[in-house]
Amino acid sequence: MKKIIAITLLILVLFALLNIRQFIGIPVIGKITGAENEHIIIDGTTYERDYNSGFSSDNKDKYLGVVRNTKIKMRVYSIDGKENADYIYALWDWEGAIYKRAE
């Protein structure tokens, strides 16, 4: 009986540790809009999906936070280099895309 209780407690602790980041404040910094998630709005600034930027996931730099809508959640990263401040990289599941600040 003690083994079952110990195993159950171990499983609960592991589950809590794996899900703890949901409770410690992953910053939600904006929202996703558009039928095909083609817009991200962060602090009133709109970013549009850019298919011809020349950037890829190799260019991602600092983690900025999470943007979400009712269906998905994307992790957002800056693009390395000051000259690339108008771009962000958004990653969801195993896919990602480059977004450019709308003018």
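## Exercises on a predicted fold

**Exercise 1.** Which residues does Ser 78 touch, leaving out those up to four places away in sequence?

*Solution.* Step one: list the partners. Ser 78 touches Asn 59, Lys 60, Asp 61, Lys 62 and Leu 64. Contact means heavy atoms within 4.5 Å. Step two: place the residue. Ser 78 sits in strand β5, residues 73-79. Strands are DSSP runs of E, at least two residues, and helices are runs of H or I, at least four, both numbered from the N terminus.

The model is predicted: local features need pLDDT of at least 70, side-chain atom pairs count only at pLDDT 80 or more, and totals for chains, interfaces and linings use all residues. Numbering starts from 1 along each chain as its sequence is written, and side-chain values use heavy atoms, with hydrogens and water left out.

**Exercise 2.** Classify Ser 78 and Leu 12 as buried or exposed.

*Solution.* Step one: set the cut-offs. Buried means under 20% relative accessible area, exposed over 50%, partly exposed in between (1.4 Å probe, protein chains only). Step two: apply them. Ser 78 has 17%, so this residue is buried. Leu 12 has 52%, so this one is exposed. Step three: locate Leu 12. The residue belongs to helix α1, residues 2-19.

**Exercise 3.** Which strand gives the most to the largest nonpolar core?

*Solution.* Step one: define the core. It is a set of buried Ala, Val, Leu, Ile, Met, Phe, Trp, Tyr and Cys residues joined through side-chain atoms within 4.5 Å. Step two: list members. The largest core has twelve residues, including Ile 32, Tyr 47, Met 74, Trp 92 and Tyr 99. Step three: assign strands. At least two residues each come from β2 (39-42), β5, β6 (87-92) and β7 (95-101). The most come from β6, with three. Step four: look beyond this core. Another core of six residues lies apart from it, and includes Tyr 77, Ile 79, Tyr 87 and Tyr 89.

**Exercise 4.** Find where Met 74 makes contacts beyond four places in sequence.

*Solution.* Its partners include Ile 32, Asn 37, Ile 40, Val 67, Ala 90, Trp 92 and Tyr 99.

**Exercise 5.** Why is the protein chain called more spread out than a compact globule?

*Solution.* Step one: read the layout. The chain has one helix and seven strands, in the order α-β-β-β-β-β-β-β from the N terminus. Step two: compare radii. Its radius of gyration, over C-alpha atoms, is 18 Å, well over the 13 Å that the globule rule gives for 103 residues, so the chain is more spread out. The rule is 2.2 Å times the number of residues to the power 0.38. Step three: add the box. The C-alpha atoms fill roughly 65 × 25 × 20 Å along the principal axes. Step four: add burial. Buried residues make up 25% of the 103.
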